[in-house]
Amino acid sequence: ALADAGDGPPAFFSPDMQHQAMEFLRVEAKLHEALSHGGLELWLQPKVSLDGRRYSKAVEALIRLRCADGRLLPPGIFIAVAETTGLIRALSRWVIEEACTILARWHHAGTGVPSLAVNVSALDLEEDDFTDVLLETLARHALPCHALELELTETTLFAMTDRSLAALNRLREAGVRIAMDDFGTGYSTLSYLHRLPIDVLKIDRAFVQEVHDHPVRAGITKAIVSLAETLGLEVVAEGIESEAEAAFLTELGVEVGQGFLYARPMPEAELLAWLDMARPCDSGTD
Ligand code: C2E
Ligand code: MG
Ligand code: MG
Ligand code: MG
């Protein structure tokens with residue numbers, strides 16, 4: 001049957017693959033357009049203290065791509081394309097510039113959010129000048145290094161070359177905070193974990209989901225909390241969607257969380273309104 005494909009596409013290139021290839025090119029074109037004419041947006045999701053007061057000490061920036069028709073593309077659609085095409089370099093620079101612009105605005109306005117986290121890709125750290133560009137951007141905006149946090153996935157951190165590791169060490173020595181994202185989904189060697197220049201472990205949503213109903217997830221979360229304690233790392237639980245999850249995580253010793261239960265990622269103006277509403281002094285306890 002394969003040989004009878006006639007004048008259609010070659011049989012090894014299925015319609016599905018052809019569709020994927022077209023989709024890839026379409027996304028690449030959108031990315032190009034957004035990088036040169038605007039269309040990228042940083043949406044913001046607070047990290048929330050789980051001690052009942054629910055205020056936010058930190059915020060994570062999550063990128064979105066605005067299409068010409070107004071629709072938003074989530075990063076799941078275009079980060080991989082950016083990485084494959086090399087556009088990630090320009091994209092990450094845009095993210096860092098935009099994050100520092102936002103932070104500087106907040107610092108001036110006394111918004112009271114001391115730090116902003118951005119997600120970076122493994123390829124960013126391979127760039128010769130990534131560290132210089134990042135430190136230069138912070139300095140140009142008169143921001144202290146600890147105002148910026150970099151989130152790298154567990155998989156990225158464990159596959160790092162010596163060069164990337166040196167770059168990361170340099171950033172951390174300068175005061176930039178480093179978080180390991182999606183922790184628990186990769187293949188970390190525990191004995192190596194303590195040698196990585198990190199400050200925060202973010203427990204992946206896979207363990208947070210229905211954690212109160214899944215003894216294995218609870219056990220893993222508990223182990224992560226105790227490991228973090230031993231290594232002097234902060235713990236953040238990702239993807240909290242229910243009060244039951246939040247209550248159980250608190251019992252397990254998790255102090256900071258993120259998730260739709262508290263707030264979805266949102267544009268800056270909405271985030272500022274959310275922060276205003278969630279100020280610690282509103283709790284009445286202190
Ligand atoms: P991540 O850094 O682990 O971000 C968490 C993802 O979970 C975000 O998806 C967020 O919107 C979503 N999320 C947050 N709370 C909940 C919840 O309660 N329930 C559920 N179901 N989901 C929740 P998003 O924004 O689509 O980002 C996906 C991934 O794309 C991020 O995972 C990160 O790895 C990557 N990414 C995002 N922005 C950037 C960026 O600026 N640069 C790079 N290189 N990667 C980015
Ligand atoms: Mg992240
Ligand atoms: Mg994550
Ligand atoms: Mg993730």
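Asp181 bridges two magnesium ions, ligand 3 and ligand 2, which lie 4.3 Å apart, and I would like to start there. Please keep in mind that this is a predicted model, in which local features need pLDDT of at least 70, side-chain atom pairs count only at pLDDT 80 or more, and totals for chains, interfaces and linings use all residues. Residues are numbered from 1 along each chain as its sequence is written, chains are lettered from A and ligands numbered from 1 in the order in which they are written, and side-chain values use heavy atoms, with hydrogens and water left out.

Which residues coordinate the magnesium ion that is ligand 3? The donors come from Asp181 (OD), Asp182 (OD) and Glu238, the last listed twice through OE, at 2.0 to 2.3 Å. A donor here is an N, O or S atom within 2.8 Å of the metal (3.2 Å for Na, K and Ca), and since water is not among the atoms, sites may look incomplete. Along the chain, these donors follow the spacing D-D-x55-E. Asp181 sits in strand β6 (residues 177-183), while Glu238 is in the loop between β8 (234-237) and α11 (243-251), so that this pair, 57 residues apart, links distant parts of the chain. Helices (H or I, at least four residues) and strands (E, at least two) are DSSP runs, numbered from the N terminus. Both Asp181 and Glu238 are buried, where buried means under 20% relative accessible area, exposed means over 50%, and partly exposed lies in between (1.4 Å probe, protein chains only).

Let me turn to salt bridges, meaning a side-chain nitrogen of Lys or Arg within 4 Å of a carboxyl oxygen of Asp or Glu. The whole structure has 18 of them. In one, Lys202 pairs with Glu60, with the closest N and O atoms 2.8 Å apart. Because Lys202 belongs to strand β7 (residues 200-203) and Glu60 to strand β2 (residues 56-66), this pair ties together parts that are 142 residues apart in sequence. Lys202 and Glu60 are both buried, and they also belong to a network of salt bridges that links Lys47, Glu60, Glu149, Glu151, Arg177, Lys202 and Glu234.

What about Arg26 and Glu23, whose side chains meet in a salt bridge at 2.6 Å, N to O? These two are three residues apart in helix α1 (residues 15-37), and are therefore separated by about one helical turn. Arg26 is partly exposed, at 40% relative accessible area, and Glu23 is partly exposed too, at 28%.
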